[in-house]
Amino acid sequence: MNHLPFNEDGYTHDACIAAVPGIHSALVFTYRPITRDERELVAEAIAQQTTAKSATELLAQVIAVHVTSWNLASEITPDAIKQLPPELFDKLYATITGMRASDPLPDTGDQPNAYDEQADLNNLIEGTALLLLHPGPASIDCQQCAAWIYDLETGQRQTVRTGPDRREVPQPRPAGVPTPCASCPKQNPEHARRLQLSAKNRRTFQLWRCAKATHFHCVPHHLKHDTILARNFAHLDDVARQVEWLQQTTAGDRT
């Protein structure tokens, strides 16, 4: 059960390093990103190494921890990583640290989503705050809001009774009636796109909710000591506490 897809967060990335004729074949792999804090610790540890060999061994160990699968026949071990051509070794580390974008995947030609630590984190924090503070507006698509009348409090379409049987149907937004952007926490469609949780952060948010409900029993074993999951969950806990404080303060002001 621990390895079912719905128990994963969204931070296991697909990536490819394209083949370089005469040097190495294409490497297709999945990985867990290295955070900026980890990268700085690695840099400090490398600076303390006395030989290039020991520095390479250290980097190989770090890469082995973060690469979760690859298309090579060998297992993912520090020794196997040290055997990679130097150019491939360097590109592999640069990719998992977010310093290099993936090449298109060879089977589909798709360009995997880039790992952008700060943008991903901002989206997770701001999108979660919107969901927890304003679940109604968060659930409304701006294009749909332009076409139909919505209740901002509940996020549901408003209805009108029509026809001889007085059947309730969604109420279209009449021509000339503006959208409620001025009273919506999303403010406008452009801002709403920035606040909408990305696919990876939606999965992280759902895993966090399930983890809280099950005392973390639903977190897969291979993620229990994952640094990026721990960081994301810590930020989600902070957002939840701040939202709870705001809600209590607002409730106190009303009484």
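Q: Buried means under 20% relative accessible area, exposed over 50%, and partly exposed in between (1.4 Å probe, protein chains only); why is Ile-149 called buried?

A: Ile-149 has 12% relative accessibility, which is under the 20% cut-off, so it counts as buried. A word on where the values come from: this is a predicted model, in which local features need pLDDT of at least 70 and side-chain atom pairs count only at pLDDT 80 or more, while totals for chains, interfaces and linings use all residues. Residues are numbered from 1 along each chain as its sequence is written, and side-chain values use heavy atoms, with hydrogens and water left out.

Q: Where does Ile-149 sit, and what does it touch?

A: Its place is the loop between helix H7 (142-147) and strand S4 (159-162). Helices (H or I, at least four residues) and strands (E, at least two) are DSSP runs, numbered from the N terminus. Leaving aside residues up to four places away in sequence, Ile-149 touches Arg-157, Gln-158, Gln-171, Pro-172, Arg-173 and Pro-174, where contact means heavy atoms within 4.5 Å. Thr-159 is 10 residues from Ile-149 in sequence, and their C-alpha atoms are 8.0 Å apart.

Q: What makes S1, S2 and S3 a sheet, and in which order do they lie?

A: Two strands pair if DSSP finds at least two bridges between them. S1 and S2 are joined by 5 bridges, and S2 and S3 by 3, so both pairs meet that condition. The result is an open sheet in the order S1-S2-S3, with antiparallel pairing. Ala-15 stands opposite Phe-29 in S2, and Thr-30 has Ser-69 of S3 as its bridge partner.

Q: Why are S1 and S3 called edge strands?

A: Each of them pairs on one side only. Being at the edge does not leave S1 bare: 4 of its 5 residues are buried.

Q: What lies across this sheet, and at what angle to S2?

A: Helix H4 lies across S1, S2 and S3, running at about 35° to S2. Axes are lines fitted to C-alpha atoms, for helices over the stretch in contact, and angles run from 0 to 180 degrees between N-to-C directions. Within H4 (residues 86-96), the buried residues are Leu-88, Phe-89, Leu-92, Tyr-93, Ala-94, Thr-95 and Ile-96. Their cover includes S1, S2 and S3 together with helices H1, H2 and H3. Just after H4, Gly-98 takes a positive phi of about 80°.

Q: How do you know whether H1 and H2 are parallel or antiparallel?

A: Angles under 35 degrees count as roughly parallel, over 145 as roughly antiparallel, 65 to 115 as roughly perpendicular and the rest as oblique. H1 and H2 pack at about 160°, with their axes 9 Å apart. That angle is over 145, so the two helices are roughly antiparallel. Their contact is made by Glu-38, Val-42, Ala-45 and Ile-46 of H1 and Ala-55, Leu-58, Leu-59, Val-62 and His-66 of H2.

Q: Why are H5 and H9 called oblique?

A: They pack at about 55°, with axes 10 Å apart. This angle falls in none of the three named ranges, so oblique is the word that remains. Among the residues making the contact are Asp-120 and Leu-124 of H5 and Lys-200 and Phe-205 of H9.
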